[in-house]
Amino acid sequence: MNVLIVFAHPERQSLNGALLDVAVSALHAQGHQVQVSDLYAMNWKATVDRDDFPGLKTTDRLKVAAESSKEFTARTLTDDVKAEQEKLLWADTVILQFPLWWFTMPAILKGWVDRVYACGFAYGVGEHSDSRWGDRYGEGVMAGKRAMLIVTTGGWPEHYSARGINGPINDLLFPIHHGILFYPGFTVLPPFVAYRADRTDDAKFALLERDLRMRMSALTETPPIAYRQQNGGDYQIPTMQLLPNLEEPGVTGFALHLQNRNK
Ligand code: FAD
């Protein structure tokens, strides 16, 4: 299997760096091919701007989605973006690894998504009409590939529990899981979350290493998060609301988009 790890931590000698080494060695031990995009080491450009579109004339107004679609199709996007797109196509499994910063991914990783996820590649795929909203949420270019997050947090597990003050971790990660990974077609595995990471000592690291190795060796058999497919008959067209008869008592918000919650 081919695995791409997109790594977003500014310090290679960090806990995240040590966990990256664990993941890579566990994957290699199983005979998988691994590529790592170490975004800080690559000096990854994190903002979308005119420089991303070499075909745009200086007098043209920049319309990001339209220009992205045009230059993706013409293969004229910048070489750094094209290289990351090739890695995504190569990968069977994609792992995004990062410390939780302000309840989401560091800006450099969001910038990787903004730039690499071109129109026609990660969005704007398939038929867009009055009767269809394209191939997304379970379909698209990444269909058939798995993805998961490796995340470290300063907060405790309780802070991220159902009644925890930070909000449930599955809710906080929903925009990444559902919006960034499921949207272009990935099958999304549950995240590996290392809580209270700033308090890691050798004993705790040994447990994290054991658990991460287990997750890496179980990539192919880990049940995915059971998101509902957009084009699987669960949503009204064209409003894309969950069909009323599929609502379950007491289930609201992000959880609506999970199948068979009470079965
Ligand atoms: P490091 O600082 O590298 O290491 C953490 C600890 O692990 C250290 O004690 C280190 O000695 C030890 N360690 C490292 N490697 C090893 C090893 N090989 N063996 C044993 N011990 C080791 N947290 C939240 O919960 N929510 C937030 O919204 C949030 N926002 C943040 C925003 C910013 C800008 C910043 C800087 C932090 C934020 N945090 C937040 C905290 C952040 O998530 C944690 O600091 C981070 O996850 C820790 O990971 P790290 O790799 O940076 O750890």
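Sorted by class, the shell around the ligand in this predicted model holds 10 nonpolar, eight polar and three charged residues. Of the 21 residues around the ligand, those that come nearest are His9, Phe103, Thr152, Tyr160 and Asp198. Helices H1 and H7 each supply at least two residues of this shell, and H1 gives the most to it, with three residues.

Several polar approaches to oxygen atoms of the ligand can be listed together, with the kind of protein atom on the other side.

| Residue | Protein atom | Distance to a ligand oxygen atom |
|---|---|---|
| Asparagine 16 | N or O atom in the side chain | 2.8 Å |
| Glycine 154 | polar backbone atom | 3.1 Å |
| Aspartate 198 | N or O atom in the side chain | 2.7 Å |

Taken alone, the ligand exposes 1000 Å², and the protein buries 66% of that area.

Helix H1 deserves a description of its own. It runs over residues 15-29, and because each residue should add 1.5 Å, its 15 residues should span 21 Å, which agrees with the 21 Å that separate its end C-alpha atoms. Asn16, whose side chain has an N or O atom 2.8 Å from a ligand oxygen atom, is also one of the buried residues of H1, which further include Gly17, Leu19, Leu20, Val22, Ala23, Val24, Ala26 and Leu27. What covers these buried residues includes strand E1 (2-7), strand E2 (33-38), strand E3 (93-99) and strand E6 (146-152), together with helix H7 (202-217), a helix that also supplies at least two residues of the ligand shell. After H1 comes glycine 31, whose phi is positive, near 85°.

Methods: Residues are numbered from 1 along each chain as its sequence is written. This is a predicted model: local features need pLDDT of at least 70, side-chain atom pairs count only at pLDDT 80 or more; totals for chains, interfaces and linings use all residues. Side-chain values use heavy atoms; hydrogens and water are left out. Helices (H or I, at least four residues) and strands (E, at least two) are DSSP runs, numbered from the N terminus. The expected span of a helix is 1.5 Å times one less than its number of residues. Buried means under 20% relative accessible area, exposed over 50%, partly exposed in between (1.4 Å probe, protein chains only). Contact means heavy atoms within 4.5 Å. A residue is near a molecule or strand if one of its heavy atoms lies within 4 Å of it. A polar contact is a pair of N or O atoms within 3.5 Å; within protein, one must be able to donate a hydrogen and the other to accept it, and residues adjacent in sequence count only if both atoms are side-chain atoms. Accessible areas come from the Shrake-Rupley method with a 1.4 Å probe; for residues, only the protein chains shown count as cover. Ala, Val, Leu, Ile, Met, Phe, Trp, Tyr, Cys and Pro count as nonpolar, Asp, Glu, Lys and Arg as charged, and the others, Gly among them, as polar.
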